[in-house]
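Reader: I'd like to go through this one with you, starting with the charged side chains and then moving to the interior. Could you pull it up?

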Amino acid sequence: MDAGAPLKPMRSAPTLETERLVLRHWRREDWEAYYPIIADHSTMRYVGGSGISREDGWRRWLASIGSWQISGYGSFAVTRKDDGVVVGMCGIFHGWREIDGGFEPDPEFGYIFGPEGRGRGMAFEACTAALDWLDTHHGVPIWAIIEDDNAPSVKLAGKLGFESQGAKMYGDEPIGVWRRPAPREG
């Protein structure tokens with residue numbers, strides 16, 4: 001697909017299955033399971049520094065769901081296949097960040113996993129499925145921002161094919177910028 005071609009909006013996220021996980025569109029009832037993940041300070045220490053309020057979390061969650069209708073991609077609810085429990089999210093979005101030498105109009109990739117989804121390879125499994133879907137349906141390069149001292153995310157980004165572009169200024173702070181080339185660039 002031509003990286004400059006308009007993306008086809010979708011009504012909702014497709015359902016992707018891996019060995020242990022199901023990535024799917026968010027449901028209203030997922031909010032009560034997801035909010036404790038993003039409210040947890042240990043989970044969010046590298047995503048803004050602390051857990052987020054219910055109000056802010058609700059807005060961000062709705063934006064990520066609605067992104068499918070505008071951009072043709074968005075976030076996935078990541079659930080365990082065996083019991084359906086929400087363990088996190090991963091997704092593709094436009095942050096329109098004011099980063100030196102920004103990366104728009106290319107999308108950004110992000111993920112958040114609660115304690116039940118960390119340290120077990122679930123983030124790699126889920127992110128691989130989401131990125132494979134992106135490659136198949138959109139074929140565009142994608143970016144990520146990661147704090148340098150977030151060793152697990154730095155390691156995961158490398159395993160997913162992202163390459164460090166060095167630190168860029170984001171507001172008043174440096175942030176690590178990573179890029180994963182489009183499939184035909186690789």
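Reader: Which residues are linked in a network of salt bridges?
Author: In this predicted model, the network of salt bridges links R80, D82, D83 and E116. Within it, the side chains of D83 and R80 meet at 2.6 Å, N to O.

Reader: And those two, D83 and R80, are they buried or exposed?
Author: D83 counts as partly exposed at 43% relative accessibility, whereas R80, at 18%, counts as buried because the cut-off for buried is under 20%.

Reader: How many salt bridges does the structure hold?
Author: The structure holds eleven salt bridges. One of them joins E32 and R54, whose closest N and O atoms are 2.8 Å apart, and this pair links distant parts of the chain, with E32 in helix 1 (residues 31-39) and R54 in helix 3 (residues 54-71), 22 residues apart. E32 is partly exposed at 47% relative accessibility, and R54 is partly exposed as well, at 39%.

Reader: What about R97, which residue does it form a salt bridge with?
Author: R97 pairs with E108, the closest N and O atoms being 2.8 Å apart. R97 lies in the loop between strand 4 and strand 5 while E108 lies in strand 5, so the pair ties together parts that are eleven residues apart in sequence. R97 is partly exposed, with a relative accessible area of 25%, but E108 is buried, with 2%.

Reader: Switching to the interior: which residues touch the most other members of the largest nonpolar core?
Author: That core has 32 residues, and those touching the most other members are L23, V78, C90, F109, Y111, L134 and F162. Several elements give two or more residues to this core, among them strand 4 (86-93), strand 5 (108-113) and helix 4 (122-137); helix 4 gives the most, with nine residues. There is also a second, separate core of 14 residues, which includes W31, M44, I52 and I112.

Reader: C90 is on that list, so what does it touch beyond its neighbours in sequence?
Author: Leaving out residues up to four places away in sequence, C90 touches residues including L23, V78, F109, Y111, A126 and C127. C90 is buried, at 0% relative accessibility, and C127 is likewise buried, at 0%.

Reader: Why is there no bond between the sulfurs of C90 and C127?
Author: The sulfur of C90 is 4.6 Å from that of C127, its closest cysteine sulfur, and this is too far for a bond because a disulfide needs the pair within 2.5 Å. The count of disulfides comes to zero.

Notes: Residues are numbered from 1 along each chain as its sequence is written. This is a predicted model: local features need pLDDT of at least 70, side-chain atom pairs count only at pLDDT 80 or more; totals for chains, interfaces and linings use all residues. Side-chain values use heavy atoms; hydrogens and water are left out. Buried means under 20% relative accessible area, exposed over 50%, partly exposed in between (1.4 Å probe, protein chains only). A nonpolar core is a set of buried Ala, Val, Leu, Ile, Met, Phe, Trp, Tyr and Cys residues joined through side-chain atoms within 4.5 Å. Helices (H or I, at least four residues) and strands (E, at least two) are DSSP runs, numbered from the N terminus. Contact means heavy atoms within 4.5 Å. A salt bridge is a side-chain nitrogen of Lys or Arg within 4 Å of a carboxyl oxygen of Asp or Glu.
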